[in-house]
Amino acid sequence: AKPVFVFEGKPPAMKSGELQKRRERRRKAEEELKKAADEDNKEEMDKQSKRLARAGRKENEDCKRLLRLMGVPVILAPMEAEAEAAALCKAGKVWATGTEDMDALTFATPILIRKLTFANQSSKGPQIQSMNYKKAVEGLGLTHDQFVDLCILLGCDYCDNIKGIGPKTALKLIREHGCIEKIIDAVKDIPKYTIPKNWIPDTGKDENETTDDEGEKENSENKEDKEKPTPAYVLARDLFHNHEVDTDVELKWKEPQKEELTKFLVEDAGFSPERVRTQIEKLCKAHAANRKPQARMDSFFKVVSNPAADAKRKKKLELERAKKKQKAGAKKKGKR
């Protein structure tokens, strides 16, 4: 298999809430790390350090440079990398999307591959998972629109979900009602379910609204002039259905740039020269093995059967065999 790496573009505006939550989790991890360091708690320090590990702009640029020197195509997504990878897969540019982010299935990638990293492997061998989108959706008995609504109910990066609804209940409700709008109507009066405020446009009266006929008429006109806010789940749904992607890309796997790659890994990154040399040799062999051989002339033409010619050829072979048998029989008689 030949890889293509897709990097994130600009995050959707609706992802700002999720990004804020991540920043808050990072802040808490920093506080916990400081506390663990003061207490000399090595185990907790290691745990919080892992939570703080993230790739910044420099690390991303270094990764892109490394991949290009290796001859691997690099794509910068207009927005979400999972959406771009799924679009490339649907367009037939790649075979599958490899990611741990299940949103790739919500973006309807035909094939999703998970657990590709060394950390996910075990002594029993590779633990790679392959998921077929079509089979998964058909197995759940849902349409694509219903599957997207199910994913929003289960939780996504673009909006909050209904508190109190777990995976089993979400699937049951989608099967029963078909869409989030009808589910909201069905559960809005049930105390154990908490619907996010931005899922239901505010229909309450303005505190300053007048009660006389003239005031009511004026307020009614003002309300009509104001555009009603779009529910958050509708905006999230639209992102999954109409995400900005670019499939007009040319994917070329090039020969590794051995000298530049060695310089980058040894001088800039500080890796062992011998180890780098060995790995570059493996990379070059893999590139050569995956390179398409030059096509033979006969591969451009389709072989078509000719019954008349085949029969004529068969008859000719039978006559030649008969003549050989006659000659062999004559020789035996002569020897006697």
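## A walk through the fold

Aspartate 40 sits in the loop that links α1 (16–38) to α2 (42–52). Its backbone is a bit unusual on paper: aspartate 40 is not a glycine, yet it has a positive phi of about 55 degrees. Keep in mind that this is a predicted model.

**The overall picture.** The protein comes out with 14 helices and five strands. Of its 336 residues, 28% count as buried. Take the contacts between residues at least 6 apart in sequence, and 60% of them join residues at least 24 apart.

**A helix under cover.** Helix α4 covers residues 81–90, and nine of its ten residues are buried, so the rest of the structure largely encloses this helix. The buried set runs Ala81, Glu82, Ala83, Glu84, Ala85, Ala86, Ala87, Leu88 and Cys89; note that Glu82 and Glu84 are both on that list. What lies over these residues? The cover includes three strands already worth remembering for the next section or two, β2 (74–76), β3 and β4, along with β1 (5–7) and the helix α5 (103–106). After α4 comes glycine 92, with a positive phi near 80 degrees.

**The sheet.** Strands β3, β4 and β5 make an open sheet in that order, with mixed pairing. At the edges are β3 (97–98) and β5 (129–132), each of which pairs on one side only. How do the two pairings run, parallel or antiparallel? β3 and β4 pair in the parallel sense over two bridges, while β4 (residues 111–114) pairs with β5 in the antiparallel sense over four bridges. In general, strands of a sheet pair through backbone hydrogen bonds, in either of these two senses.

Isoleucine 113 is a handy landmark in β4. Glycine 98 stands opposite isoleucine 113, and in β5 the bridge partner of isoleucine 113 is serine 130. Isoleucine 111 has a bridge partner in β5 too, namely asparagine 132. As for the side chains of β4, Ile111 and Ile113 point one way, Leu112 and Arg114 point the other way, and all four are buried, Arg114 included.

Leaving β4, you reach lysine 115 in the loop between β4 and β5. Lysine 115 has a phi near 60 degrees, which is positive in a residue other than glycine.

**Two helices that pack.** A pair of packed helices is described by the angle between their axes and the distance between those axes. For helix α12 (residues 258–268) and helix α13 (residues 273–290), the axes come within 10 Å and cross at roughly 145 degrees. The crossing of α12 and α13 is right-handed. On the α12 side the contact uses Lys258, Leu261, Thr262, Leu265 and Val266, which meet Pro273, Val276, Ile280, Leu283 and Cys284 of α13. Sorted by class, this contact of α12 with α13 has eight nonpolar residues, one polar and one charged.

**Cysteines and lysines.** How many disulfides turn up? A search of the whole structure finds zero. Why is cysteine 159 not bonded to cysteine 156? Their sulfurs are 4.1 Å apart, and cysteine 156 holds the closest cysteine sulfur to that of cysteine 159, so the gap is too far for a bond; a disulfide here calls for sulfur atoms within 2.5 Å.

If you're thinking about which of these side chains is buried or partly exposed, here are a few values to have at hand.

| Residue | Relative accessible area | Class |
|---|---|---|
| Cysteine 89 | 7% | buried |
| Cysteine 159 | 10% | buried |
| Lysine 115 | 23% | partly exposed |
| Lysine 172 | 48% | partly exposed |

The classes follow from the cut-offs: a residue is buried under 20%, exposed over 50% and partly exposed in between. Cysteine 159, at 10%, therefore counts as buried, and lysine 172, at 48%, as partly exposed.

Where does lysine 172 sit? It belongs to helix α8 (residues 167–177). Its C-alpha atom is separated by 9.7 Å from that of leucine 150, and these two residues are 22 residues apart along the chain.

How values were computed: Residues numbered from 1 in each chain as written. Predicted model: local features only at pLDDT ≥ 70, side-chain atom pairs only at ≥ 80, totals over all residues. Heavy atoms only, no water. Axes fitted to C-alpha atoms, helices over the stretch in contact; angles between N-to-C directions. Left-handed = near helix turned anticlockwise from the far one by under 90°. Contact = heavy atoms within 4.5 Å. Nonpolar A, V, L, I, M, F, W, Y, C, P; charged D, E, K, R; others polar. Pairing = 2+ DSSP bridges. Buried < 20%, exposed > 50% of the residue type's maximum accessible area, 1.4 Å probe, protein only.
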